[in-house]
Amino acid sequence: MSKLRIAIMGCGRISASYAAAFRQLQETVQLICAVDIDILKAKAFAEPFGAAYGTCFEDLEKQQIDVLHLCLPHYLHAPMAVRAMQAGMHVLTEKPVAMTLQEADQMAKAAKQTGKKLGVIFQTRYEESVITLRRMIQEGAFGRILSARSFLTWNRPYSYYEGSDWKGTWEREGGGVLIDQAIHSIDRVRHMLGSEVEWIDGSIHNHCHDRLLVEDSAEAAIRFKNGCIYSLYACNSYADDVPIYLEFFGEKGRCGLRQDVGFYELDGKMHTIPVTTQTPDGASSATPSYWGESHPKQLLDFYTSVLSDTPVAVDVEEGRRTLEIIKGIYLSSLKRGRIYLPFEDVKYCGLNQIQTQTP
Ligand SMILES: NC(=O)c1ccc[n+]([C@@H]2O[C@H](COP(=O)([O-])OP(=O)(O)OC[C@H]3O[C@@H](n4cnc5c(N)ncnc54)[C@H](O)[C@@H]3O)[C@@H](O)[C@H]2O)c1
């Protein structure tokens with residue numbers, strides 16, 4: 001079978017995880033082109049693979065590309081995904097799917113019209129602990145899940161924001177700690193619980209990042225249709241990136257994650273599910289441990305969907321549902337009250353400040 005011809009757009013921080021994954025999956029894919037507006041970054045990414053490089057979308061169109069990986073600032077996810085699908089490429093974009101629900105809908109429409117596959121990266125779903133605990137929850141091992149909680153306390157100092165023209169801005173990142181860091185916890189709670197949201201009541205704050213306009217902390221109560229109440233706390237002004245904590249409390253027991261290590265308690269006995277994913281050769285020493293090592297698993301899953309023309313596991317609708325929780329917290333904070341789904345999404349220009357009514 002011939003290899004899929006792939007390309008990457010955006011060769012910034014996260015691209016190290018892709019370089020490692022492409023090396024690991026070289027039996028399945030061949031990197032044809034790397035693109036970044038910073039030509040040096042594109043060159044540095046492409047050269048070890050013997051691939052072409054460029055600075056704009058037109059450089060991609062010169063090649064025949066099967067799959068495009070988008071590793072771009074959030075405001076570019078929707079327009080670039082739509083353009084790439086219209087140019088005949090399947091697209092796997094980094095999280096979040098987009099900055100607004102309307103943008104996600106435009107992406108879904110383009111995927112339908114072009115017949116191209118569209119996926120969203122949530123690599124932490126592919127951790128063994130997540131897969132096992134999700135199955136146990138859904139098989140009823142813990143009885144009815146009454147409550148869930150996620151607790152993220154990470155560190156994003158000014159040095160993280162200073163060198164970036166998009167991070168920490170409402171216009172280009174679309175928010176702060178929720179849309180960037182806590183999104184993986186929120187996605188895992190929804191995915192593992194296997195229920196959809198009924199209402200959201202939350203608030204966002206900027207307690208410590210005086211020079212930024214986006215939120216550095218957030219809390220919410222989120223009720224799922226199965227009755228489970230999810231309590232969320234996130235902040236990125238802690239002294240270090242300590243492990244996230246996620247827990248599901250059921251009638252018969254409880255389970256959860258401490259970063260990627262799973263645990264469950266049944267009949268008074270505690271069990272652990274260790275991290276099994278190996279760091280690929282020469283791979284991720286350059287990437288923070290909290291990104292995990294599961295990008296290759298999700299990439300392979302997406303390539304398999306393309307090659308066998310089967311549905312994408314984490315598709316645009318999945319990405320949209322997780323984004324909807326985040327945007328629901330923003331809206332609840334703005335309205336100071338409970339938000340029932342579905343709701344009309346808006347763009348923000350400051351904490352609890354709307355930019356336009358209809359993005
Ligand atoms: N899945 C994860 O765990 C994880 C971790 C980190 C980042 N991310 C996501 O990856 C994406 C990129 O984040 P990052 O931290 O690598 O950001 P970054 O700023 O380090 O990299 C973005 C790159 O895009 C390039 N770029 C900007 N505009 C461009 C354009 N028009 N055409 C081509 N290139 C352009 C920039 O020059 C930069 O090199 C975001 O969506 C982010 O949320 C995901």
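**Helix 8 and the sheet in a predicted model**

User: At about what angle does helix 8 run to strand 7?

Analyst: In this predicted model, helix 8 (residues 177-193) lies across strand 7 (145-153), strand 8 (197-205), strand 9 (217-224), strand 10 (229-235) and strand 11 (245-250). Helices (H or I, at least four residues) and strands (E, at least two) are DSSP runs, numbered from the N terminus. Axes are lines fitted to C-alpha atoms, for helices over the stretch in contact (C-beta atoms, placed from the backbone, within 7 Å). With angles running from 0 to 180 degrees between N-to-C directions, helix 8 comes out against strand 7 at about 155°.

User: And helix 10: which strands does it touch as it packs on the sheet?

Analyst: Helix 10 covers residues 316-335, and its direction makes about 60° with that of strand 8. The strands it touches are strand 8, strand 9 and strand 15.

User: Which strands stand at the edges of the open sheet?

Analyst: The sheet has nine strands in the order 14-13-12-11-7-10-9-8-15, with mixed pairing; two strands pair if DSSP finds at least two bridges between them. An edge strand here has a single partner strand, so one of its sides is left without a neighbour in the sheet. That fits strand 14 (269-273) and strand 15.

User: What is the bridge partner of phenylalanine 263 in strand 14?

Analyst: Strand 13 and strand 14 run antiparallel, joined by five bridges. In strand 14, the partner of phenylalanine 263 is threonine 272.

User: Which proline follows lysine 95 through a cis peptide bond?

Analyst: That bond has an omega of about -10°. The proline sits in the loop between strand 5 (90-93) and helix 5 (101-114). It's proline 96.

User: What is omega near for the cis bond from leucine 341 to proline 342?

Analyst: Proline 342 is in the loop between strand 15 (339-340) and strand 16 (347-350). Its cis bond from leucine 341 has omega near -5°.

User: Is glutamine 259 buried or exposed, or partly exposed?

Analyst: Glutamine 259 has a positive phi, near 55°, without being a glycine, and lies in the loop between strand 12 (253-258) and strand 13 (261-266). Buried needs 20 or more other C-beta atoms (placed from the backbone) within 10 Å, exposed 12 or fewer, and partly exposed is in between. Glutamine 259 has 18, so the verdict is partly exposed.

User: What average pLDDT does the chain have?

Analyst: Residues are numbered from 1 along each chain as its sequence is written. In this predicted model, local features need pLDDT of at least 70 and side-chain atom pairs 80 or more, while totals for chains, interfaces and linings use all residues. On this predictor's confidence in each residue, from 0 to 100, 94% of the residues score at least 70. The chain average is 95.

How values were computed:
Two residues are in contact if their C-beta atoms, placed from the backbone, lie within 7 Å.
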